[in-house]
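Hi,

Here is the structure I said I would pass on. Have a look at it first, and my notes on what turned up are underneath.

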Amino acid sequence: MWSLGCVLFVCLAGYPPFNGETDNATSYNIRNGQYKMKKSVWDQVSEQATDLVRKLLIVNPDERFSAEQVLEHEWLQDPQIIRKAENLMFTPIQSSPPKRRLEDIDGDITDSKTPKLMSGIEFTSM
């Protein structure tokens with residue numbers, strides 16, 4: 001769930017939650033759950049989404065949200081968010097170009113041994 005919080009933070013804010021002047025400072029911030037939410041960025045994010053990120057970036061796993069709690073969170077129950085997610089996930093994919101058999105490719109292969117080694121392999125045209 002910690003990783004989900006980090007990924008969600010990046011997706012919503014466009015920058016990682018844990019930074020530091022040095023690697024040691026960054027490690028310290030990660031271990032202690034110290035992150036900065038830039039006001040100019042997070043003012044554009046809903047309170048519900050911000051709340052979920054905060055509940056996922058709690059260091060103590062016993063206090064951090066579980067997967068079940070995430071799924072029940074008000075942000076993920078919001079009908080607008082559900083519609084947006086469905087539109088992103090279920091957008092029709094463009095049909096793939098027709099597959100061509102190796103024997104149908106004219107002049108693409110110059111090595112006479114290759115067709116024998118690769119017979120039966122299908123290629124898609126670009």
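Start with Lys 38: its charged end sits over the ring of Tyr 15, 4.4 Å from the ring centre. Keep in mind that this is a predicted model, so treat that distance as a computed one.

Tyr 15 has other company too. Ring pairs join it into a cluster with Trp 2, Phe 9, Phe 18, Tyr 35 and Trp 42. The count of aromatic pairs comes to five. One of them is Phe 9 with Trp 42, a tilted pair with 5.0 Å between the centres and 55 degrees between the planes. This pair links distant parts of the chain: Phe 9 belongs to helix H1 (residues 2-13) and Trp 42 to helix H3 (residues 39-42), 33 residues apart. Both Phe 9 and Trp 42 are buried.

Phe 18 and Tyr 35 make another pair, this one edge-to-face, at 6.0 Å centre to centre and 90 degrees between the planes. It also links distant parts of the chain, with Phe 18 in the loop between H1 and helix H2 (23-32), Tyr 35 in the loop between H2 and H3, and 17 residues separating the two. Are these two rings buried or exposed? Phe 18 has a relative accessible area of 9%, so it counts as buried. Tyr 35 comes out at 22%, and because buried means under 20%, Tyr 35 is classed as partly exposed.

Now the cysteines. How many disulfides are there? The count is zero. Cys 6 has 18% relative accessibility and therefore counts as buried, whereas Cys 11 is at 63% and therefore counts as exposed.

About the N-terminal stretch: an unreviewed UniProt entry places a "signal peptide" feature at residues 1-20. In the model, residues 1-20 are 60% helix and 0% strand, and the C-alpha atoms at the two ends are 22 Å apart.

Last, confidence. The mean pLDDT of the protein is 83, with 71% of its residues reaching 70 or more. Among the elements, helix H4 (residues 47-56) has the highest mean pLDDT, 97, and helix H8 (residues 114-117) the lowest, 46. Over residues 113-119 the pLDDT is below 50, and that stretch has eight contacts in the model beyond near neighbours in sequence.

Cheers

Key
Residues are numbered from 1 along each chain as its sequence is written. This is a predicted model: local features need pLDDT of at least 70, side-chain atom pairs count only at pLDDT 80 or more; totals for chains, interfaces and linings use all residues. Side-chain values use heavy atoms; hydrogens and water are left out. A disulfide is a pair of cysteine sulfur atoms within 2.5 Å. Buried means under 20% relative accessible area, exposed over 50%, partly exposed in between (1.4 Å probe, protein chains only). UniProt positions are given in the numbering used here, feature names are shortened, and annotations may be inferred rather than shown by experiment. Helices (H or I, at least four residues) and strands (E, at least two) are DSSP runs, numbered from the N terminus. pLDDT is the predictor's confidence in each residue, from 0 to 100. Contact means heavy atoms within 4.5 Å. Rings of Phe, Tyr and Trp (its six-membered ring) pair if their centres lie within 6.5 Å; planes under 30 degrees apart count as stacked, over 60 as edge-to-face and the rest as tilted. A charge sits over a ring if NZ of Lys or CZ of Arg is within 6 Å of the ring centre and within 35 degrees of the ring normal.
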